[in-house]
Structure formats: structure tokens, C-alpha cells
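Q: Please take a close look at one part of this model for me, and tell me how it is built and what packs on it. After that, place it in the rest of the chain.

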Amino acid sequence: MKDEILRIKLIDSELERRKNSPLNKYNTGEVKHLKQLAFHKNAKKNRWVFGGNRSGKTECGAVECIYMALGIHPYRENRNNVFGWVVSLSREVQRDVAQKKILHYLPKSSILDITMNSGKKDSPEYGVIDQIKVRNSFGGVSVIGFKSCDQGREKFQGSSLDFVWFDEEPPEDIYYECKMRVFDKKGDIFGTMTPLKGLTFIHDEIYLNSKNSPDVWYEFMDWNDNPFLDSDEIEKLSLELSQDELESRKYGRFKTSEGLVYTEFDENIHVIEPFSVPIEWHDKLSIDPGLKNPLSCHWYAVDFDGNVYVIAEHFEAGKEVSYHAQKIKEISKKIGWKGGDEKLEALIDSASNQRTLASVKSVTELFYEQGINVNPNVNKDLFSGISRVKQYLKVIDGKPRLYVFKNCVNLIRELKNYRYYDGDTPKKYDDHALDELRYYIMSKPENTPPKQPKNQMQIHKERLFRKLDYERKRSSYQ
């Protein structure tokens, strides 16, 4: 009894000390909304939030992990020495999303140790975490482990777990493997996801099965459920998305996806006659490398309103890097790219860093030696990239934000023929130009008009205003 009283006092003391922490603000409702509360309160063992982007779904998943690990869950029976997993789609997504949320809400005073997969544990937010050991309110040590789906099912075997949090929809084999991991401890599985892949096994297992299973619960969470999301931002995001994307990205609803990927593409609107593009609009090249497969390279320009123009194309298979580099230089010279007085800069698939693509040196190194400064740090997320390209293709007030010169015939062909074949997954065929289009669009291109020199009238007016201002100040002191 004394130990229990002491434990309660320690919890009260710790909660008081954490009054201004992000976790406490979440607990008191400053940053928590009603559907997040419903998720935490539900007692079922398999809980899912199907939410749109920015609906608050990831927040409640991260906080649920922390509640369980610290043994301070306000609505469930708490345990000592808890072991749970946070499962992301990839290490990069783990670092940028789920791990970031865990570190935001987890009180630093509760952290006993951090084990890193990469990076330094004194700045874990910049690396990839393997495990975080935390102080449990019962006096024991809990572990929050991090896993990524790209490790494969074998890496998910063996452990007995108290909980698993899926941040976005996992592959089916990993989902069922994790169900086995929580079996002997009668642990919990919960997931937070935006249903972008169509009617997958999660649709059948959770959405259709919830009424037939005593352990399954789900909730839809959309932008309107999040009172902390600005109404102007909601309106802006709604305008940027096509109607079918709104179903999943705003409302978190499942949808079927079949047929053409870029249904927004219209040759009569997006394909235009070439014109002389101002040098001030020239931005950078983007390359999808290939040896037996075609190498695709396009030249991208951005006007001062943020509209993107694809103005030239090199597309050829079965050639060495030196050949492609020479062709790229020839085309750049022909179109007067950046006036011809700058080293060529290009985005390139990160796979070009692998030396298996070349006999001695990586493709990145070979291009650099040929005078083309390639940057392999590109965002290759397929679904986010497709969504962003769709935003640029979408016609608003009669105009899109992406135009393609009619001489870019291979890009036009791929835009017209790119199709889904499995739910929301496009067929990996004839998409080399579309890959490097995504790399470029995901770089968030923008352009700022240069400052124009002032004319004599403007200079004269500024002198006059300075003189008047000086005289007013002088008279005020007299």
C-alpha cells in the first residue's frame, strides 16, 4: 500500500513538473480534439484511425505509445516494463514522421537511454532511432522500438509485445506477423493512416470487419474534426486537390483507384508550342538514369507566378554516361540554358549513387566528372509525388501550373499512358520521364522576380520624401 501511495505521489509530482510540456498540453485539450479522445478512450485491442492529412491522426498514435510506455494511460489498465513497436513504411518516413512525434511528446526526463541505427543519440531527431528506453511509472523500464516495413517480415519475428503502432498502412504479411507478436501478452494493435491504396486488406480486415469482431474499432477523422487547423488553410488545400483525392486526403475515406493515373492531363491544355523562355526562369534539369533502360532528362523552368515549364528533352537507351552528358550539353547550348555561363545542375535518382550502376564509379561521380553537377538528394515517395504532380496539372480558374513543350514527346506519351494496375499502385513500366518529373516537382520549385532598377522619377520622389520627413522631424524638436 505504501509503495502504491508513493507511486501516485511520484506521478502527481512528475505531472506537475510537466505542466507546460507538449504532452500535458495534449492531455488538457489544448491540442487534442474529440475524435482523438475517442481513440484513446476506446477499450478494443485493434483500433484504427482513417484520417486525412493534417487531421491529427499521427498525434494520437504517438501519444498512445507514450501513455502505454510510461504507464500513465488515463483510460486503460497500465503495465510495468512495457515493450512496444512503432512501425513506419521506411526509415526515412520513421525519422520524419512517427519518430519526430514521439520525441516531441515524450518528456525528456523520462528518457533513460536511446539506441541509434544511424546518427548520434545526443541529437536523435537527425538520425534513425532503434530503441528508446523510458522510465515507467511503476518503477520499471519500458522500451519503444522502431521498425520499418522495408526491412521485410523476417525482421518482425520473435519478440513478444505489449503494443504495435502502425504509422500508415503496412504490407499484409507484416500486419499479420505483428498480430502474432502481441498475442501472448494480449497486447494492442493500433494504426493511423490515410487510405491512399484503395480497397486493400485493411479495408476488409478493419473497415468491413469491425461490426463482426469484438476487438476491432475504427474512426474516420477529417480536416473539419481538427479545430486547430486554420479554415483558410482547409480551403486552400481543398482547392489544390482533385475530387477523388479529397475523399482520402481530406476525409480519410477508402476509394477505388483504377485506370489512368494522371486523369487531369489534357493535351489541349498542358501541351504548348515552344517559345523563347527568359533566362530568369531557367531552374534545373532532372534525370532518371538508365543503361539498358532509357535515360530520361528534362529541362525545367519556373515563371514568377510559380508555373512550371518543361522545355526540352533527352531520352535515349543503351548509352554510356559520357554520351548522355555530351547530349545534355548540346541541348543546353542549343536552348541557351542559363546563358551558357554556368555549370549544369540537375536532380537525379538516388540510385545513381550505387556503384553497381557503373563498372568503377557511381553514375553520380561520372556525371560530375563530365561537368554536370547532379544532386541525388531527391524525394522519391511515389504517392506524395503523384499527388503533387496532380496538383500542378489541376486546372484552376482555367489554368494549370504545369506546361509541357510539344517537343517533349516521351514525357507526353508517359503522362497519357501511366496506369494503375493494383489498387493505388501504378504499373512500373514506361515511367522514366515521370520519375524525374516527380523528383523535380517534389523539390518545390519557386522563382522570385529580380528587383528592377529605379528610374529617375522614383529616385527623385524618394529624395523628396526623405527631405520632407527630415523637415517634419526637425520642426518637432524646435
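A: What follows starts with a sheet and then moves outward.

A quick word on the ground rules: this is a predicted model, where local features need pLDDT of at least 70, side-chain atom pairs count only at pLDDT 80 or more, and totals for chains, interfaces and linings use all residues. Residues are numbered from 1 along each chain as its sequence is written, and side-chain values use heavy atoms, with hydrogens and water left out.

Now the sheet. Eight strands make it up, in the order 3-4-5-2-6-7-1-8, as an open sheet with mixed pairing. (Strands are DSSP runs of E of at least two residues, helices are H or I runs of at least four, and both are numbered from the N terminus; two strands pair if DSSP finds at least two bridges between them.) At the edges sit strand 3 (111-118) and strand 8 (216-221); each has a single partner strand, so one side of each has no neighbour in the sheet. On average, neighbouring strands are turned by 15° against each other, direction ignored.

Zoom in on strand 1 (46-51): it runs parallel to strand 7, and five bridges join the two. One place to look is Arg47, whose bridge partner in strand 7 is Phe190.

Next, the helices on this sheet. Helix 3 (34-41) lies across strands 1, 7 and 8, running at about 170° to strand 8. Helix 4 (57-70) packs on the sheet too, touching strands 1, 2, 4, 5, 6, 7 and 8, and its direction makes about 155° with that of strand 7. Contact here means heavy atoms within 4.5 Å, while axes are lines fitted to C-alpha atoms (for helices, over the stretch in contact), with angles from 0 to 180 degrees between N-to-C directions.

One loop is worth a stop: Lys186 lies between helix 6 (172-181) and strand 7 (188-193). Its phi is near 50°, a positive value in a residue other than glycine. Most residues other than glycine have a negative phi. Lys186 counts as exposed because its relative accessibility is 64%; the cut-offs are over 50% for exposed, under 20% for buried and partly exposed in between, using a 1.4 Å probe and protein chains only.

Stepping back, the protein has 16 helices and 17 strands, and 48% of its 478 residues count as buried. Its largest nonpolar core holds 53 residues, among which Tyr262 and Phe367 touch the most other members. Apart from that core lies another one of 33 residues, including Cys65, Ala69, Phe146 and Trp217. Such a core is a set of buried Ala, Val, Leu, Ile, Met, Phe, Trp, Tyr and Cys residues joined through side-chain atoms within 4.5 Å.

Elsewhere, helix 13 (382-393) and helix 15 (432-441) pack at about 80°, with axes 9 Å apart. That makes helix 13 roughly perpendicular to helix 15, a label for 65 to 115 degrees (under 35 is roughly parallel, over 145 roughly antiparallel and the rest oblique). Among the residues that meet there are Leu382 and Tyr392 from helix 13, and Leu437 and Ile441 from helix 15.
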